[in-house]
Amino acid sequence: MKYPVAESALIKWSTERLQKIELSDTEIHYRYRLDGSTCSNGGMEFKAYLHARISTAPHSIIQKAWIEIPKEDQVTAAHMCRCPNRNPKEAQSFFEDFKEDAFFSGESLTETILMDIPLNHAGCLCYKPMVDQKWKMALSTIHYDRQLLD
């Protein structure tokens with residue numbers, strides 16, 4: 001498969017950033033660690049986790065996908081430009097929005113990776129093109145890791 005990410009990155013990310021959280025006969029829950037950065041205060045780093053529950057082979061359907069920004073990183077992540085007013089109450093709804101199921105849930109892992117969608121390589125998660133770029137990285141890493149198992 002022609003990945004939208006360099007294979008050298010996938011090799012590194014599959015060992016350093018990807019974790020299998022839960023395994024069953026029907027699906028695997030993956031967690032991909034993202035080292036993100038804010039966009040409105042000089043690029044302060046924060047961690048986010050992109051979770052994906054994917055059915056086992058041969059279908060590899062994305063059952064559910066969401067983003068988690070850990071509590072300890074939310075103070076920093078609240079400096080992304082899309083976060084309203086840095087007000088803790090308003091910021092909480094900003095972080096809760098990331099937990100909603102991704103638009104590609106129910107789709108094939110391979111087809112999702114190969115989707116032609118606008119991307120943006122910024123380190124933040126403010127808008128869809130930035131989020132889509134992070135998902136391409138995470139899902140490509142998951143797919144690459146699964147190929148090593150087959």
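Let me start with Glu 22, which is partly exposed, with a relative accessible area of 41%, and let me say at once that what we are looking at is a predicted model. Glu 22 forms a salt bridge with Arg 53, and the closest N and O atoms of that pair are 3.3 Å apart. As for where the partners sit, Glu 22 belongs to strand E1 while Arg 53 belongs to strand E3, residues 45-55, so this pair ties together parts of the chain that are 31 residues apart in sequence.

Arg 53 has a further partner to consider, since its side chain also meets that of Glu 27 in a salt bridge, at 3.0 Å from N to O. This pair, too, links distant parts of the chain, with Arg 53 in strand E3 and Glu 27 in strand E2, residues 27-37, the two being 26 residues apart. Both Arg 53 and Glu 27 are buried, whereas Glu 22, as I said, counts as partly exposed because its relative accessible area of 41% lies between the 20% and 50% cut-offs.

Beyond these pairs there is a network, in which salt bridges that share partners join Arg 17, Arg 33, Asp 35 and Lys 47. For the structure as a whole, the search finds eight salt bridges.

Another of these pairs brings in a helix, and here I would ask which residue forms a salt bridge with Asp 145. The partner is Lys 20, with the closest N and O atoms 3.1 Å apart. Asp 145 lies in helix H5, residues 128-149, and Lys 20 lies in strand E1, residues 18-23, so that by the definition of these elements the pair links a helix to a strand, across 125 residues of sequence. Is each partner buried or exposed, by the cut-offs used here? Asp 145 is buried, with a relative accessible area of 11%, which is under the 20% cut-off, while Lys 20, at 36% relative accessibility, counts as partly exposed. As general background, side chains of opposite charge can pair when their charged atoms come close.

Finally, I turn to Glu 90, which has its place in helix H3, residues 88-97. At 32% relative accessibility, Glu 90 counts as partly exposed. Leaving aside residues up to four places away in sequence, Glu 90 touches Pro 84 and Asn 85. The C-alpha atoms of Glu 90 and Ala 78, which are twelve residues apart along the chain, are separated by 9.8 Å.

Terms used:
Residues numbered from 1 in each chain as written. Predicted model: local features only at pLDDT ≥ 70, side-chain atom pairs only at ≥ 80, totals over all residues. Heavy atoms only, no water. Salt bridge = Lys/Arg side-chain N within 4 Å of Asp/Glu carboxyl O. Helix = DSSP H or I, 4+ residues; strand = E, 2+ residues; numbered from the N terminus. Buried < 20%, exposed > 50% of the residue type's maximum accessible area, 1.4 Å probe, protein only. Contact = heavy atoms within 4.5 Å.
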